[in-house]
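This report describes selected structural features of a single model. Please consult the sequence and the coordinates alongside the text.

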Amino acid sequence: MEWNVAEQQPTPENATMMQAFEWYVPPDQQHWNRLCEAIAGLKATGIDNLWIPPACKGSSQQGNGYDIYDLYDLGEFDQKGGVPTKWGTKEELLRLVQRANDVGIGIYWDAVLNQKAGADRTERCQVIEVDPNDRTRAVTDPYSIEGWLGFDFAGRNGKYSKQTYHWYHFSGTDYNNANGKTAIYRILGDGKDWSKFVDKEKGNYDYLMFADLDYTHPEVEADVKAWSEWLCSQVSIKGIRFDAIKHYSEKFLQSLVTHMDSHVGPGWFLVGEFWEDSLDAMTTYIRNMQHKFSLFDAPLVYNFSSLSNTENSDLTKVFEGTLVQAEPVNAVTLVMNHDTQPYQALAADIQPFFKPLAYALILLRAEGYPCVFYGDVYGIEGDHPLPPSCGGKVPDLCLARKLYAYGEQRDYFDFPQCIGWTRLGTWDRPSGLACIMSNAGPNEKWMYVGQEHKGEEWTDVLGWEQGQVTINQDGWGLFTCPGVSVAVWVNRTAKGRDKFGPFNADIYRK
């Protein structure tokens, strides 16, 4: 292949997202400040967009924001234990966003719109209890409970929104304060029921936790749509990650996206947490959203977990049944997140040896939009701390994506315990790369990288495989990798090779 430079369009630069938190980040209200200091280093290693944690006020200063109390309090009002959220104050958040924008990093907002928590008072309402495993089946007659369903937001005192919330704004709750009983209570009222536009797991999966918002109530719909406009007037964001989308009305979310397009402007990156191992359910959701939405590739995470925990597993099947295989443009690929990290409810155990293989598979291939995890870059805190994964090499893999993962992709998925692929480069990003990995002993593969590279000497950017590979006259090289590891081979004189190695992962200044 020869490139006719005069006729070529510039090759779009690869983008990488980072989830900028893990569950056990210390609740010291300093997270925004730490991220602000880390921004330049993240940009230098190839991170383009940050998915920040839920920045709205939670029910306490220890909560991660999924225990959401007030959409309109970003760490500005003295509510639920103080002014800051777990992450910091609104002023510090805005400083982080400005710093990110200054260096060319976009911000993805984590919108928690399914529920509210930390009610200010109880209210009486009529309910029925439902079967936890089939929420369409009532297990009691109607009766009255005292639920935590009254939200006054007194600390905000009507600033930004005068809407308060009462029992009739919710479809369900899980605690009766009158007798201390925990159950799933469906709230009764004229026309009230679970949403019909949710996942059908457990009969109807509208209810997830806390006080479940009812988007058939016009005041709820109007307030959240108004909040979306307000948010974009306060914070410069590039996209939104919607939490728990299989638990609230798909119809409402379609309406919200249309509202934002018309009232704020189009062009948002939208990704939803639709955590399913059912590929059919995920692809159906993407079609229903007219492909305006991306979803996190949960089946891929489970494949990584299974392969890493099965002796002599077949690497050639790593993408079978995954979203990135079925909908590569709408798949956000990942290795771990705050829900699947160790000791969390959806923990997906991925053995440490497999993490570098998994990150190479999401970062260095043409399909999918990769999201790297804060805990793998900076380590995990809490009662069971862990150091950065992959021997600290995740930033190097991100940089290899940014610099070299371009052009035609040729796969060598021809042996169960050793697979590889090459990227041949483009006219304006010509370096290319060769990636080879093994989940057994050391291995090797002849792989084609293009005749343009004949005579070049390639080395492993990770430094785990020693020696060099000379590309022959036909554009082929015999590439090797260590046992249970991965190697990423690039021309040793390729532009940017001097940028690999140094990365400050000591975000807590230990």
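## A salt bridge at the N-terminal segment

Which residue's side chain meets that of Glu-13 in a salt bridge? The partner is Lys-402, with 3.2 Å between N and O. The model examined here is a predicted one. Because Glu-13 belongs to the segment before β1 and Lys-402 to helix α10, the pair ties together parts that are 389 residues apart in sequence. The two partners can also be described by their accessibility. Glu-13 counts as partly exposed because its relative accessibility is 45%, whereas Lys-402 is buried, with a relative accessible area of 9%.

This pair belongs to a wider arrangement: a network of salt bridges links Glu-13, Lys-43, Asp-48 and Lys-402.

## Other salt bridges

In total, the count of salt bridges comes to 30. One of them joins Arg-241 to Glu-273, where the closest N and O atoms are 3.7 Å apart. Here again distant parts of the chain are linked, since Arg-241 lies in strand β13 (residues 239-242) and Glu-273 in the loop between β14 (269-272) and α5 (279-288), 32 residues apart. Arg-241 and Glu-273 are both buried.

Another salt bridge is formed by Glu-408 and Arg-410, with the closest N and O atoms 3.0 Å apart. Glu-408 has a relative accessibility of 38% and therefore counts as partly exposed. Arg-410, at 31% relative accessibility, also counts as partly exposed.

## Contacts of Thr-11

Thr-11, too, is located in the segment before β1 (17-19). Is this residue buried or exposed? Its relative accessibility is 16%, so Thr-11 counts as buried, the cut-off for burial being under 20%.

The side chain of Thr-11 takes part in two polar contacts described here. One, of 2.9 Å, is made with the side chain of Thr-426; another, of 2.5 Å, is made with the side chain of Asp-428. With neighbours within four places in sequence left aside, the residues in contact with Thr-11 are Tyr-406, Thr-426, Trp-427, Asp-428 and Arg-429.

## A six-stranded open sheet

An open sheet is built from six strands in the order β18-β19-β20-β25-β22-β23, with antiparallel pairing. Its edge strands, each paired on one side only, are β18 (409-412) and β23 (469-470).

Strand β22 (residues 457-460) is joined to β23 by two bridges, the two strands running antiparallel. Within this pairing, Glu-457 stands opposite Thr-470 and Trp-458 stands opposite Val-469. Three bridges connect β22 to β25, again in antiparallel fashion. In that pairing, the residue of β25 opposite Trp-458 is Asn-491.

## Helices against the sheet

Which strands does helix α8 lie across? Helix α8 (residues 355-363) lies across β19 (418-423), β20 (433-438) and β25 (485-491), and runs at about 145° to β20. Helix α10 (residues 394-404) also packs on the sheet, where it touches β19, β20 and β25. The direction of α10 makes about 35° with that of β25. Lys-402, the partner of Glu-13 described above, lies in this helix.

## Nonpolar cores

In soluble globular proteins, nonpolar side chains tend to be buried together. In this model the largest nonpolar core has 136 residues, and those with the most contacts inside it are Trp-109, Phe-242 and Leu-364. Helix α8 supplies the largest share of this core, namely seven residues. A second, separate core has 15 residues, among them Leu-424, Val-449, Trp-458 and Cys-481. Trp-458 of this second core is the residue that stands opposite Val-469 in β23.

The surroundings of Trp-109 extend over several parts of the sequence. Not counting residues up to four places away, Trp-109 touches residues including Ile-52, Leu-74, Leu-93, Trp-227, Val-235 and Ile-240. Arg-241, one of the partners in the salt bridge with Glu-273, is also touched by Trp-109.

## Cys-125 in strand β7

Cys-125 is placed in strand β7 (residues 121-131). With a relative accessibility of 4%, Cys-125 counts as buried. Apart from neighbours within four places in sequence, Cys-125 is in contact with Tyr-143, Ser-144, Ile-145, Leu-149, Trp-167 and Ile-187. Between the C-alpha atoms of Cys-125 and Asp-506 the separation is 51 Å, the two residues being 381 residues apart along the chain.

Note on methods
Residues numbered from 1 in each chain as written. Predicted model: local features only at pLDDT ≥ 70, side-chain atom pairs only at ≥ 80, totals over all residues. Heavy atoms only, no water. Pairing = 2+ DSSP bridges. Helix = DSSP H or I, 4+ residues; strand = E, 2+ residues; numbered from the N terminus. Contact = heavy atoms within 4.5 Å. Axes fitted to C-alpha atoms, helices over the stretch in contact; angles between N-to-C directions. Buried < 20%, exposed > 50% of the residue type's maximum accessible area, 1.4 Å probe, protein only. Polar contact = N/O pair within 3.5 Å; in protein donor to acceptor, adjacent residues only side chain to side chain. Salt bridge = Lys/Arg side-chain N within 4 Å of Asp/Glu carboxyl O. Core = buried A, V, L, I, M, F, W, Y, C linked by side-chain atoms within 4.5 Å.
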